[in-house]
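Please work through the following exercises with the model open in front of you, and try each task before you read its solution.

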Amino acid sequence: MGLFSGILGLPLAPVRGTVWVAEKVQEEAERQYYDPGLIRRKLEEVSEAKEAGTISEEEAADLEKELVGRLIEANRRPRQEG
């Protein structure tokens, strides 16, 4: 980057920083949303809640369908190292 473009781009530095932070937050949210271990734990919680009678069969089926969809998508997504 040249001196001239560096000086002109300086006012955009806070915007670039904000965008970088937003991207990192999104990456972490997606990592947690598609974490197979967390999804399996949620499936176990749904099963336990259904057995305990705290949620209906219909609610459990809806939750299980959504969680299994996330698990399938998690297995399709490329693994990010680091």
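**Exercise 1.** In this predicted model, identify which residues of helix α4 are buried, and work out how they are arranged around the helix axis.

*Solution.* Begin with the list: the buried residues of α4 are Ala 60, Leu 67, Arg 70, Leu 71 and Ala 74. Looking next down the axis of α4, we find that these buried residues fall within an arc of 100°, so they line one face of the helix. It helps to recall that an α-helix has 3.6 residues a turn, so residues three or four places apart point the same way. Turning to the face that points away from the buried side, we meet the exposed residues Glu 58, Lys 65 and Arg 76. Finally, the cover over the buried residues of α4 includes α2 (13-33) and α3 (36-52).

**Exercise 2.** Check whether the length of α4 agrees with what its number of residues leads us to expect.

*Solution.* Helix α4 runs over residues 57-76 and has 20 residues. At 1.5 Å a residue, counted for one less than the number of residues, the helix should span 28 Å. The C-alpha atoms at its ends are 28 Å apart, which agrees with the expected span.

**Exercise 3.** Find the residues of the largest nonpolar core, and state which helices each supply at least two of them.

*Solution.* The largest nonpolar core has 9 residues in all, namely Ile 39, Leu 43, Val 46, Ala 49, Ile 55, Ala 60, Leu 67, Leu 71 and Ala 74. Each of the helices α3 and α4 supplies at least two residues of this core. As a closer look at one member, take Ala 49, which, when its neighbours within four places in sequence are left aside, is in contact with Thr 54 and Ile 55.

**Exercise 4.** Decide whether Arg 70 is buried or exposed, and describe what surrounds this residue.

*Solution.* Arg 70, which lies in helix α4, has a relative accessible area of 15%, and because this is under 20% the residue counts as buried. Its side chain reaches the backbone oxygen of Tyr 33 at 3.0 Å. Apart from neighbours within four places in sequence, Arg 70 is in contact with Tyr 33, Tyr 34 and Ile 39.

**Exercise 5.** Classify the aromatic pair of the structure.

*Solution.* The structure holds 1 aromatic pair. The rings of Tyr 33 and Tyr 34 have their centres 4.9 Å apart and their planes at 90°, so the pair is edge-to-face. Tyr 33 is partly exposed, with a relative accessible area of 37%, and Tyr 34 is also partly exposed, at 21%.

Notes. Residues are numbered from 1 along each chain as its sequence is written. This is a predicted model: local features need pLDDT of at least 70, side-chain atom pairs count only at pLDDT 80 or more; totals for chains, interfaces and linings use all residues. Side-chain values use heavy atoms; hydrogens and water are left out. Helices (H or I, at least four residues) and strands (E, at least two) are DSSP runs, numbered from the N terminus. Buried means under 20% relative accessible area, exposed over 50%, partly exposed in between (1.4 Å probe, protein chains only). The arc is that of the directions from the helix axis to the C-beta atoms. Contact means heavy atoms within 4.5 Å. A nonpolar core is a set of buried Ala, Val, Leu, Ile, Met, Phe, Trp, Tyr and Cys residues joined through side-chain atoms within 4.5 Å. A polar contact is a pair of N or O atoms within 3.5 Å; within protein, one must be able to donate a hydrogen and the other to accept it, and residues adjacent in sequence count only if both atoms are side-chain atoms. Rings of Phe, Tyr and Trp (its six-membered ring) pair if their centres lie within 6.5 Å; planes under 30 degrees apart count as stacked, over 60 as edge-to-face and the rest as tilted.
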